[in-house]
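User: Please take a close look at one part of this protein. I would like to know how the opening strands are joined, and then how that part sits in the whole.

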Amino acid sequence: MTPARRPLVLLVDDDEEMRTTLVEVLALEGITAVTARHGGEALERLRSGLVPDAILLDPPRPGCAPQVLEAIAKFRPGVVVYVSCNPATLARDLRMLVDRG
């Protein structure tokens, strides 16, 4: 019998300590995390064939770059968690994701 595949999360955060902590916490829950320091790295991971079940984004105050949001919309992960300290960019970016399905 083949063991069940662990869920895969793409974690995008510029804070190294936060990435490390989240990877450890997710591993305790049986979740594999692949990290990216910024949207450009996240794009590289997605374009190289990574197919995450979920994406956890903690973008900088100006929000996500449009090409990152386009890639997320294209790859259609089951879950997107967007952590934001700026309601205006959160609303803008979520509108873009919702408009693309």
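Analyst: What follows starts with one strand pair and then widens to the whole chain. The model is a predicted one.

Start with strand S1, residues 8-13, and strand S2, residues 32-36. The two pair in the parallel sense. Five bridges join S1 and S2. One of the residues to look at is Leu8, whose bridge partner in S2 is Thr32. Between S1 and S2 the chain runs through helix H1, residues 16-28. This β-α-β crossover is right-handed. A general point helps when you view the strands. Side chains in a regular strand alternate between the two faces of the sheet.

Now step back to the whole protein. Its sequence follows the pattern β-α-β-α-β-α-β-α. That gives four helices and four strands. The radius of gyration is 14 Å, and the globule rule gives 13 Å for 101 residues, so the protein is as compact as a globular protein of that length. The C-alpha trace spans about 45 × 30 × 20 Å along its principal axes.

Contacts come next. Take those between residues at least 6 apart in sequence: 68% of them join residues at least 24 apart.

Last, burial and surface. Of the 101 residues, 35% are buried, where buried means under 20% relative accessible area. The protein exposes about 6,300 Å². Carbon and sulfur atoms supply 58% of that area.

Terms used: Residues numbered from 1 in each chain as written. Predicted model: local features only at pLDDT ≥ 70, side-chain atom pairs only at ≥ 80, totals over all residues. Heavy atoms only, no water. Pairing = 2+ DSSP bridges. Right-handed = clockwise from strand over helix to strand, strands pointing away. Rg over C-alpha atoms; globule rule 2.2 N^0.38 Å. Buried < 20%, exposed > 50% of the residue type's maximum accessible area, 1.4 Å probe, protein only. Contact = heavy atoms within 4.5 Å. Areas by Shrake-Rupley, 256 points an atom, 1.4 Å probe, with all protein chains shown as cover.
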